[in-house]
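Hi,

Here is the structure I promised to pass on. Have a look at it first, and my notes follow underneath.

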Amino acid sequence: MTHSIITYDEQRVPPSPDAAAPAAGKSFVPDVSPFAARADKDPVEFIERELALHQAAHDAAEALLTELGYTRVPLDPFDVAQRMGLAVEYRTLNGDDVRPGDEEWVAGILEKLEGHPSATLYIEARDDMGALRFAAAHEIAHWRQYTQGKTASEIRQAEFYCLCEPNDQNTPDEYSADLFAHMLLLPQFLMLRELANGYSSATIAEHLGVSQRIVDARIRNIALTQL
Ligand SMILES: [Zn+2]
């Protein structure tokens, strides 16, 4: 997570609901786990760590959906965020010269102000639904990480500002948030159904409203962990 200050304008333009095309360019998912470097040294430790991280993300995603009684697929992460009590707002978070996929591209920001019971999820007001849906699911993960084990009063008192850029993946919290987003948006049962139907990753990306690179990364993860 990078914590920094950003000036918003007051624009509030929701992305078009039928703009579910997969995102072009770089996704928010690394090709390989940041822990993959360890595989050369100790493949058993690597696999065990990956399995544990995937299992934790899987369990956390399931627990959230059970808590909310949410059964709709493909899942709408903006709806889930609101059901969790987060306010969702659409604002311009990037300058015109910053394109989706750029290193400094920001798709979502989570801001928790002192004295408020919950946080606001700011989503870039631009049509790039694959990236925006993934960013929303990723920020939901950070909200879960942040609030876990805290009382409502502790949460109300705290301040929190989370701005994730595409190159921020190499920390355990960021990697776990990406895995959680995978489990929410591309759950195993849906992925297996799509793959059993013989759909390509490009088609699956269209069906599930994420970028093709995210689908490809998810297929590798399923092959590795069967989760
Ligand atoms: Zn993050």
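β2 (108-112) and β4 (residues 160-163) run antiparallel and are joined by four bridges; strands count as paired if DSSP finds at least two bridges between them. Within that pairing, K112 has F160 of β4 as its bridge partner. On to β3 (120-124): β2 and β3 are antiparallel too, again with four bridges, and here E111 is partnered with T120. β2 is mostly covered, with four of its five residues buried. Buried is used for residues with 20 or more other C-beta atoms within 10 Å of their own, exposed for 12 or fewer, and partly exposed for anything in between, with C-beta atoms placed from the backbone. The element names are DSSP runs numbered from the N terminus: helices are H or I of at least four residues, strands are E of at least two.

Before you go further, please note that this is a predicted model: local features need pLDDT of at least 70 and side-chain atom pairs count only at pLDDT 80 or more, while totals for chains, interfaces and linings use all residues. Residues are numbered from 1 along each chain as its sequence is written.

Now the core. The largest nonpolar core (buried Ala, Val, Leu, Ile, Met, Phe, Trp, Tyr and Cys residues joined through C-beta atoms within 7 Å) has 47 residues, and A136, F180 and L185 touch the most other members. Elements giving two or more residues to this core include β2, β3, α1 (43-68) and α7, but the largest share, ten residues, comes from α3. L185 is worth a click: leaving aside neighbours within four places in sequence, its contacts (C-beta atoms, placed from the backbone, within 7 Å) are P74, L75, P77, R133, F134, A137, L208 and V210.

L208 leads us to α7 (residues 201-208), where I204, A205 and L208 are buried. These three lie on the same side of α7, because they cover an arc of only 105 degrees around the axis, taken from the directions from the helix axis to the C-beta atoms. The buried residues of α7 pack against α3 (129-147), α5 (172-185), α6 (188-196) and α8 (212-225).

And E206, also in α7? E206 is partly exposed, as 17 other C-beta atoms lie within 10 Å. E206 and G130 are 76 residues apart in sequence, yet their C-alpha atoms are 8.7 Å apart in space. After α7 comes G209, with a positive phi near 70 degrees.

Cheers

Terms used
Two residues are in contact if their C-beta atoms, placed from the backbone, lie within 7 Å.
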